[in-house]
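Reader: Hello! Could you take a close look at the pockets for me, and tell me what surrounds them?

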Amino acid sequence: MTGTTDFSVRMDDDIKKQCETLYGELGMNLTTAINVFLRQSLRVGGFPFEVRLDQPNKETIAAMLEAERIAHDPEVKHYSDVEEALRELKR
């Protein structure tokens, strides 16, 4: 095994405390948890979890556009509240 080196990270105090508690419950300290993360990153060739922007997929975008169209279509029946819509469904 090769030598070790010091590594300094700036983070929010509350995040650090929460992570120390979480990893402590898993039987490790924060240094060990960070080493696990880094080793797993090397093993998978990137982040060991999905990193993405929270953007809707194509299907969701299409549904949102359809809902917008329906909301503004004067030919589509509109309801003033949920109870009215439910009464219509029960007919």
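Author: Happy to; a salt bridge first, where a side-chain nitrogen of Lys or Arg lies within 4 Å of a carboxyl oxygen of Asp or Glu. The structure holds five of them. In one, the side chains of K16 and E20 meet at 3.3 Å, N to O. These two residues are about one helical turn apart, because K16 and E20 sit four residues from each other in helix α1. Helices here are DSSP runs of H or I with at least four residues, numbered from the N terminus.

This is a predicted model, in which local features need pLDDT of at least 70 and side-chain atom pairs count only at 80 or more, while totals for chains, interfaces and linings use all residues. Residues are numbered from 1 along each chain as its sequence is written, and side-chain values use heavy atoms, without hydrogens and water. The chain's mean pLDDT (the predictor's confidence in each residue, from 0 to 100) is 92, with 99% of residues at 70 or more. Among the elements, α2 (residues 30-44) has the highest mean, 97, and α4 (residues 82-90) the lowest, 90.

Now the pockets. Each is an open set of points on a 1 Å grid where a 1.4 Å probe fits, with protein on both sides within 12 Å along at least five of seven lines; lining residues have an atom within 4 Å of a point. The largest has a volume (the space filled by probe spheres set on the points) of about 590 Å³. It is lined by 17 residues, of which T5, F7, T31, N35 and L38 are closest to its centre. Helix α2 gives the most to this lining, seven residues. By class, eight lining residues are nonpolar, six polar and three charged (Ala, Val, Leu, Ile, Met, Phe, Trp, Tyr, Cys and Pro are nonpolar, Asp, Glu, Lys and Arg charged, the others polar).

The second largest pocket has a volume of about 170 Å³. V9, M11, I15, C19, Y23, L30, A33, I34, V36 and F37 line it, and these comprise ten nonpolar residues, with no polar and no charged ones. Helices α1 (13-25) and α2 each supply at least two lining residues, and α2 has the largest share, five.
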